Amino acid sequence: MELTNISDTARWVAMYRVMETERRDAIFRDPFARRLAGARGEEILAGMPKGRAFAWPMIVRTAVFDEVIMRVAGEIDTVLNLAAGLDARPYRLDLPPSLKWIDVDLPAMIDQKRGMLADEKPRCALEFVALDLADRAARRALFARVGASGQRVLVTTEGLLGYLTREQAGELATDLHEQASFRFWLIDIVGPFVLQLIQKTWGAKLDAAAAPLRFGPEEGPAFYEPFGWRTAEARDTFAEAKRLKRLPAQMKFWSLMSFITPKKVREQQRKGLNGVVLLERA
């Protein structure tokens, strides 16, 4: 089963949450993931080269996002979840009831998730916004509305930035920083070397769906500093996978053989280029 559009990537990634949820020793549980991914999600995963073998970075990313969100939940009043996909965190995380959560995505994706979870009760106040984030005027209008209604907002963009160009990522960072109440921004990031590996493995599939992965800044989180965002916390995927016991056996072997790792890769790892980063307003 081929990917047909960028929304299919949400069904694919939802299957990784299914895989983790169904483990006895799951590091998180998403009881809605299988319903949301559907049969198509299973078919997509089966058709992705090394789809199951490379599940661990996505699973680790989800777990770390969960941890950071829960840690800062008491410091914020709003979560603005951009390119929300099939994320069900407002339903599955023990969030403060007073928290406002806003899911933003393309109309078809919002309609699908809203319909499938219509009988479920979210843990906090939840708003759905159907919007194409590529429409800069429309997203800036949304940011202004959310910025005016919230006092301490956390923006999350899980799995979004890699699909942007360098210029688009900078524009988004600028637009978010315009709102003084946007205090934190939770992102995932990959370096050029890992981006090349992803492109080699899944590039043809993603290109065919008009969803190429193309952004892996060499400077890592420092890319966002000129736009008013500094790093508050950085979590390296490899280190987090070891901590959470989700590092595959073959990766453990390579960690023991790190003395042969190319210098460029070691430099990228030291800069924290591959992982989850919590940015804050500078």
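**Exercise 1. Find where helix α2 bends, and work out what its buried residues pack against.**

Start with the bend: helix α2, covering residues 33–47, turns by about 70 degrees at A39. Keep in mind that you're looking at a predicted model. Next, pick out the residues of α2 that are tucked away: A33, L36, A37, G41, I44 and L45 are buried. Now look at what lies against them. The buried residues of α2 pack against α1 (6–21) and α5 (107–116).

**Exercise 2. Work out which strands pair with β7, and in which sense.**

First, locate β7 at residues 275–281. Then take strand β5 (residues 182–189): six bridges link β5 to β7, and the pairing is antiparallel. To pin this down on the model, find D188, which sits opposite V276 of β7. Now turn to strand β6 (residues 229–236), which is also antiparallel to β7 and joined to it by seven bridges. Here you can check R230, whose bridge partner in β7 is E280. Last step: how many of the seven residues of β7 are buried? Six of them are, so β7 is mostly covered, with buried meaning under 20% relative accessible area.

**Exercise 3. Place T165 and decide whether it is buried, partly exposed or exposed.**

Begin with the location: T165 belongs to the loop between β4 (153–157) and α7 (166–177). Its relative accessibility is 27%, so T165 counts as partly exposed. Then check its contacts, skipping neighbours within four places in sequence: T165 touches R214 and F215. Finally, try a distance. W185 is 20 residues from T165 along the chain, and their C-alpha atoms are 18 Å apart.

Terms used. Residues are numbered from 1 along each chain as its sequence is written. This is a predicted model: local features need pLDDT of at least 70, side-chain atom pairs count only at pLDDT 80 or more; totals for chains, interfaces and linings use all residues. Side-chain values use heavy atoms; hydrogens and water are left out. Buried means under 20% relative accessible area, exposed over 50%, partly exposed in between (1.4 Å probe, protein chains only). Helices (H or I, at least four residues) and strands (E, at least two) are DSSP runs, numbered from the N terminus. Two strands pair if DSSP finds at least two bridges between them. The bend at a residue is the angle between axes fitted to the seven residues ending there and the seven starting there. Contact means heavy atoms within 4.5 Å.
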